[in-house]
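Thanks for coming. I will put the sequence and the model on the screen, and then go through a few points.

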Amino acid sequence: MIYEVFRQERRGKPFEHAGSVEAPDARFAETWAREQYGRRGESEALWLVARDALHEVHDFPDEFDLKYRRVDGYSLKARLKEARERAGTDPARAR
Amino acid sequence: MNERARILLELADDELVIGWRDSEWTGIAPTLEEDVAFSSIAQNEIGHARAAYELAARELGTTADELAYDRDPSEYRCSPLVQPRLLDWAHAIARRCLYEEADRERITALIEADDAEVAALARKIDREEAYHRMHAELWAERLRGQPRFEQALADLRPRLDGERGSDNDEFRELWEEMTSVRRSAPGAEW
């Protein structure tokens, strides 16, 4: 069975995916993960999660270009250019 | 040699030699995960040896390296359990199990010793040994009842009670390998 290993570097920091170990059960996974991800003082704590227990989610369709709802927004440049062309106020042409 | 130095050298010699023998599994263990863990445990044991040699060296007016590598092959005080090269997994794991059992008794006794320095070293060692024991117990549970493992335990158990010492061919061979680099450049500053 494959266990995904999440590692917390210091108390209070988030757990981040560090890798995985293949082990017959959770206790072997613990022993092996300790040696691989904890022996150099690089971890405050580990989470071991059987890969089967992970509920994976992907595919986030954005068919209607709703990028404006995202924090990074959409590119203003292209839209501004479009708008200027429609209005006939392209600064390049006006000059 | 006084009692304190004798105890420290027995501990250090056992840890050095089992660390050396177990490190022979680096790269050839049954799975990569076990390979990393087994090698790491072997390295821990050599770390324990180093700490014990350092204490003994102060007692004896020498250095840890000299104690580890420059003694005559007949002067080592390790148990016959740790000496043979065991390149059969059932035997290597059986030895780890037997060693951890015996080591636990020794370390527990040292923790309770009147000697504060030795007790502090034993406590430090014990914190790592807790995980070595966990590793050994997991394997013992997994392999218990398997004929190869049971046979390996039966083969090795008598060595636990064998007389300490290194005046034998098995150890001389190990010593030749273990000390060859230092002997190749006598008196060198590393």
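**Chain A: loop, helix and interface**

I will start with Asp59(A), which is exposed because just 4 other C-beta atoms lie within 10 Å. The cut-offs are these: with C-beta atoms placed from the backbone, a residue is buried if 20 or more other C-beta atoms lie within 10 Å of its own, exposed if 12 or fewer, and partly exposed in between. This is a predicted model, in which local features need pLDDT of at least 70 and side-chain atom pairs count only at pLDDT 80 or more, while totals for chains, interfaces and linings use all residues. Residues are numbered from 1 along each chain as its sequence is written, and chains are lettered from A and ligands numbered from 1 in the order in which they are written.

Back to Asp59(A). Its phi is near 65°, a positive value in a residue other than glycine. Most residues other than glycine have a negative phi. Asp59(A) sits in the loop between β3 and α2 of chain A. Helices (H or I, at least four residues) and strands (E, at least two) are DSSP runs, numbered from the N terminus.

Phe64(A) is in the loop between β3 (45-50) and α2 (76-87) of chain A. Is Phe64(A) buried or exposed? It is exposed, with 6 other C-beta atoms within 10 Å. Its C-alpha is separated by 38 Å from that of Tyr3(A), and the two residues are 61 apart along the chain.

Next, α2(A). This helix has 12 residues and reaches 16 Å from its first C-alpha to its last, close to the 16 Å expected at 1.5 Å a residue; the expected span is 1.5 Å times one less than the number of residues. The number of buried residues among its 12 is 0, so α2(A) lies largely in the open. Just after α2(A) comes Gly88(A), with a positive phi of about 70°.

Now the whole chain. Chain A has 3 helices and 3 strands, and from the N terminus on they run β-β-α-β-α-α. Of its 95 residues, 15% count as buried.

Last, the interface. Here 11 residues of chain A are in contact with 10 residues of chain B, where contact means that the C-beta atoms, placed from the backbone, lie within 7 Å. On the chain A side, the elements giving two or more residues are β2 (15-22) and α1 (26-37). The largest share, 7 residues, comes from α1(A).

Conventions
Two residues are in contact if their C-beta atoms, placed from the backbone, lie within 7 Å.
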